[in-house]
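Below is a report on one protein chain, written for reading beside the sequence and the coordinates. It moves from single residues to helices and then to the core.

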Amino acid sequence: MQSHLALLLPVATVWWVAGYLADGLPRLTHARGLRRRSGWLLTLTLTALGLTVAVPISAVAGMPLADRAASGLALTAVPALVVAICTVRRVRRLRAGAGTLAVAPRTPAPHGLRAAAAHPLIGLPLQVTGLALLPPLILASGAGQFLGPGTTGPAITVGALGVGVIGVRHALRHNRLAERAMPERAAASARPAGALHV
């Protein structure tokens, strides 16, 4: 087992927990719970970004262990940048929106707020960053020596398919909640049922 696994594993764990929390946000039906969970998600996301930046900085400072770990974090550069630019801003807005509605413990979260929580730019970049940490973790654990050079192509294909499946799932869930939040649909569901005409 390679020693720089001790640096990569905490970084990966924080990203995975953040991705798990983001995936559960749209299932929350009360504004107070959505506000609390989005606060946790914001804290974990900022922590994950901080750890991802701290490892390369330590490598520049001359730590040989951090140098090897930093090269393993190269795959996470693009999705982590998307998290820093898009996800953090959306989670902050989501938390603020839920905070305005969380006046009572049982205040329901409207479909529009849940649709914002299900937006692909919240969950997808977090989960893709966590997925991008799997190859360096496998190599750092020493399991990579059992895989031949011919596994690189299939691994890239499986990773791309995984990202595609995650993205489609987020998009479908967001669209479903956004349709429920449309004004005409909300008005139709609020309208009392009239007499049945034959």
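Alanine 6 counts as exposed, at 57% relative accessibility; the classes used here are buried for under 20% relative accessible area, exposed for over 50%, and partly exposed in between, with a 1.4 Å probe and protein chains only. The residue is found in helix H1. Helices (H or I, at least four residues) and strands (E, at least two) are DSSP runs numbered from the N terminus. Alanine 6 and alanine 140 are 134 residues apart in sequence, and their C-alpha atoms are 9.1 Å apart in space.

This is a predicted model, in which local features need pLDDT of at least 70 and side-chain atom pairs count only at pLDDT 80 or more, while totals for chains, interfaces and linings use all residues. Residues are numbered from 1 along each chain as its sequence is written, and side-chain values use heavy atoms, with hydrogens and water left out.

**Overall make-up**

The protein has 9 helices and 0 strands. Of its 198 residues, 37% are buried. The protein exposes about 11,200 Å², and carbon and sulfur atoms supply 69% of that area; accessible areas come from the Shrake-Rupley method with a 1.4 Å probe, and for residues only the protein chains shown count as cover. Contact means heavy atoms within 4.5 Å. Among contacts between residues at least 6 apart in sequence, 83% join residues at least 24 apart.

**Partly exposed residues and their distant partners**

Three residues in separate helices are partly exposed. Arginine 92 lies in helix H4, and its relative accessible area is 49%. Alanine 155 is found in helix H8, residues 152-180, and also has a relative accessible area of 49%. Alanine 116 has its place in helix H5, with a relative accessible area of 34%. The table pairs each of them with a residue elsewhere in the chain.

| Residue | Partner | Separation in sequence | C-alpha to C-alpha distance |
|---|---|---|---|
| Arginine 92 | Leucine 41 | 51 residues | 9.6 Å |
| Alanine 155 | Proline 135 | 20 residues | 8.9 Å |
| Alanine 116 | Histidine 174 | 58 residues | 7.5 Å |

Leaving aside neighbours within four places in sequence, alanine 116 is in contact with Leu94 and Ile122.

**Helices H1 and H6**

H1 has 20 residues and reaches 28 Å from its first C-alpha to its last, close to the 28 Å expected at 1.5 Å a residue. The expected span is 1.5 Å times one less than the number of residues. The buried residues of H1 include Leu5, Leu8, Trp15, Ala18 and Ala22.

H6 has 13 residues and reaches 17 Å between its end C-alpha atoms, close to an expected 18 Å. Because 10 of its 13 residues are buried, H6 is largely enclosed by the rest of the structure. Among the buried residues of H6 are Pro120, Ile122, Gly123, Pro125 and Leu126.

**Packing of H4 against H6**

Two packed helices are described by the angle between their axes and the distance between the axes. H4 and H6 pack at an angle of about 145 degrees, with their axes 8 Å apart. Axes are lines fitted to C-alpha atoms, for helices over the stretch in contact, and angles run from 0 to 180 degrees between N-to-C directions. On the H4 side the contact includes Val83, Thr87, Arg90, Val91 and Leu94, and on the H6 side it includes Ile122, Pro125, Leu126 and Thr129.

**The core**

The largest nonpolar core has 35 residues, of which Trp15, Leu25, Leu34, Leu41, Leu94, Ile122 and Leu126 touch the most other members. Such a core is a set of buried Ala, Val, Leu, Ile, Met, Phe, Trp, Tyr and Cys residues joined through side-chain atoms within 4.5 Å. Helices H1 (5-24), H2 (31-60), H3 (64-72), H4 (77-101), H5 (111-117), H6 (120-132) and H7 (134-141) each supply at least two residues of the core. The largest share, 9 residues, comes from H1.

Isoleucine 122, not counting neighbours within four places in sequence, is in contact with Ala22, Leu25, Leu41, Thr87, Arg90, Val91, Leu94, Ala116 and Ala117. Threonine 45 lies in helix H2 and is buried, with a relative accessible area of 1%. Beyond residues up to four places away in sequence, threonine 45 touches Ala18, Val83, Val88 and Leu126.
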